[in-house]
Amino acid sequence: MQKELIYDMMNGFLVEGTLSMPEETGIEDEFAEGKECCLLYEGVYQAKQNLGERLKEDEDRDVEIIINNMERIARLVSLKMYEYGRHEAGVV
């Protein structure tokens, strides 16, 4: 299974039913309702909304840069960790 596919599944980016994945893969949507990532993301979203209200803007360029870059960093680190795990397991 491709590392990007696993990342997308874990982050809830794939619409259910768009891919036929065996359920026994054990890959969960970490952003599903009630999961820790979902709750953390809700906090980020609320903080973004609060900043917008204080700045009297719908979207602040700097806030968007921060959020987008942090998401990109998380993706890069996650995919690199996947590669390190494969290497440590002896899978090439």
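This report walks through the helices, one cavity, a surface patch and a few single residues of the structure above.

The model is predicted, so local features need pLDDT of at least 70 and side-chain atom pairs count only at pLDDT 80 or more, while totals for chains, interfaces and linings use all residues. Residues are numbered from 1 along each chain as its sequence is written, and side-chain values use heavy atoms, with hydrogens and water left out.

**Overall layout**

The protein chain has 3 helices and 0 strands, running α-α-α from the N terminus. Helices (H or I, at least four residues) and strands (E, at least two) are DSSP runs, numbered from the N terminus. Of the 92 residues, 15% count as buried. Buried here means under 20% relative accessible area, exposed means over 50%, and partly exposed is in between (1.4 Å probe, protein chains only).

**The cavity**

There is 1 cavity of 30 Å³ or more, and the largest has a volume of about 40 Å³. A cavity is a set of points, on a 1 Å grid over the protein atoms alone, where a 1.4 Å probe fits but cannot get out; lining residues have an atom within 4 Å of a point. Grid points are joined across faces, edges and corners, and the volume is the space filled by probe spheres set on the points.

Lys48, Leu51, Gly52, Glu57, Asp58, Glu59, Asp60, Val63 and Glu64 make up the lining of the largest cavity. Helices H2 (36–55) and H3 each give two or more residues to this lining, with H2 giving the most, at 3 residues. By type, the lining has 2 nonpolar, 1 polar and 6 charged residues; Ala, Val, Leu, Ile, Met, Phe, Trp, Tyr, Cys and Pro count as nonpolar, Asp, Glu, Lys and Arg as charged, and the others, Gly among them, as polar.

Two of the lining residues are Lys48 and Glu64. Their C-alpha atoms are 8.7 Å apart, although 16 residues separate them along the chain.

**Three residues compared**

| Residue | Place | Relative accessible area |
|---|---|---|
| Glutamate 64 | helix H3 | 17%, buried |
| Valine 77 | helix H3 (residues 61–88) | 44%, partly exposed |
| Lysine 56 | loop between H2 and H3 | 75%, exposed |

Lysine 56 also has a backbone quirk: a positive phi of about 60 degrees, although it is not a glycine.

**The surface patch**

Valine 77 turns up again in a nonpolar surface patch with Ile66, Met70, Ile73 and Met81, and together they have about 510 Å² of accessible area. Areas come from the Shrake-Rupley method with a 1.4 Å probe; for residues, only the protein chains shown count as cover. Patch members have over 30% relative accessible area and no salt bridge, with nonpolar side chains (Val, Leu, Ile, Met, Phe, Trp, Tyr) joined within 5 Å and like charges within 9 Å. A salt bridge is a side-chain nitrogen of Lys or Arg within 4 Å of a carboxyl oxygen of Asp or Glu.

Note on methods. 1 Å grid on protein atoms, 1.4 Å probe; cavity = no way out; pocket = protein on both sides within 12 Å on 5 of 7 lines; lining within 4 Å.
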